[in-house]
Amino acid sequence: MNTFDYVRPTDIAEAVAAATEPGAAYLAGGTNLLDLMKGGITRPNRLVDVTRLKGLDRIEPLADGGIRIGALVRNADLAHDDDFAKSYPAVAEALLSGASAQLRNAATVGGNLLQRTRCGYFYDTASACNKREPGAGCDARDGENRLHAVLGWSRACIATHPSDFCVPLAALDAVVEIAGKTGRREVALEDFYRLPGDRPERESALDPGDLVIAVRLPAEARGFAPHARYLKVRERTSYAFAVVSAAACLRIEQGTIAEARLALGGVAAKPWRARAAEKILAGASPDSAAFRRAAEAALADAKPSGDNAFKIELARRILVRALTLATAGTPPRIAALPASAFSTASGALQDA
Ligand code: SF4
């Protein structure tokens, strides 16, 4: 392992100043960064430990009815916060479907946003990877790529973003608060991530030294709570990243969909907001024909990036299934281990 400095700033300004140095990295829960360092994928020359910064570990209701989640709130603490889970159930469900209980206890909200892709070639320093080493090439293009992107990918990179949490956040218009050298700013979560283009090493709107300090959800996101689900297909029931996932949040009034918010995970380098599908559902009856039309629209631009054409139809079906479950109503309690996308509560298999 490379040698590196370790600093522990006491306030945000000091942290930003320390992290603006080239090669510096912020350390919070460390659930991704330490693996990257041990594998030689990331070699920071300075770790800026932000875990002691005051005030970033709070979940705060806002006067306008929204909520502000500090970047150091642990994933498990947020998912198990009663008021949060009741008001934003799809977000809590997504958090509980991520990683393992141990990792959720350690991982932070800010770190969840900034976790790196799980493309196997990115983690293998003997492989060519434009994201790890710009200009090196992309061994995933002709390699094992069945789990890679079907939307928004480029010839330079076909990786996906691994977060569950970010998928309902994108659907519900979350905003990211950032502290940087020139002060504070905020960016819509949907605009926070960059598609790879020809610069896949640039993954977000962050500049050197920028620190994510909080995520906000607006008051209107609470209006979807009665009909909101997050559904994830993975290769084993727990501790696996999404092959495909979907957040479906509906406002249903007098038997009609007044408004829909939809996003897909596991399909692109960012959580993929399905706005065309939302438009199709607005004013529609919540039935399987409308859901299928919406799913077709959501995946209209999808293209396989390799051996992964199956993900396109899988994503359509998961979206239909998430919409069906959301229409039936948010369960009063979210299971600690959310169910398989294809099972009932009793475990019997169903058609998607
Ligand atoms: Fe690297 Fe992206 Fe190619 Fe994976 S898909 S090897 S992350 S450039």
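These are my notes on the cavities, the ligand and the nonpolar cores of a predicted model.

I number residues from 1 along each chain as its sequence is written. In this predicted model, local features need pLDDT of at least 70 and side-chain atom pairs 80 or more, while totals for chains, interfaces and linings use all residues, and side-chain values use heavy atoms, without hydrogens and water.

**Cavities.** I looked for cavities (sets of points on a 1 Å grid over the protein atoms alone where a 1.4 Å probe fits but cannot get out). I found three of 30 Å³ or more. The largest has a volume of about 90 Å³, taken as the space filled by probe spheres set on the points. Its lining (residues with an atom within 4 Å of a point) has 15 residues, with C119, C129, C138, C157 and A159 nearest the centre. I sorted this lining into eleven nonpolar, three polar and one charged.

**Ligand.** I found the ligand sitting in the largest cavity, with more than half of its atoms within 2 Å of the grid points. Around the ligand I listed 14 residues, of which C119, C129, C138, C157 and I158 come nearest; a residue counts if a heavy atom lies within 4 Å.

**Cores.** I looked up the largest nonpolar core (buried residues, under 20% relative accessible area with a 1.4 Å probe, joined through side-chain atoms within 4.5 Å). Of its 40 residues, those touching the most other members include V91, L169 and F192. A second, separate core has 37 residues, L231 and I257 among them.

Key: On a 1 Å grid over the protein atoms alone, a cavity is a set of points where a 1.4 Å probe fits but cannot get out, and a pocket is an open set with protein on both sides within 12 Å along at least five of seven lines; lining residues have an atom within 4 Å of a point. Ala, Val, Leu, Ile, Met, Phe, Trp, Tyr, Cys and Pro count as nonpolar, Asp, Glu, Lys and Arg as charged, and the others, Gly among them, as polar. Buried means under 20% relative accessible area, exposed over 50%, partly exposed in between (1.4 Å probe, protein chains only).
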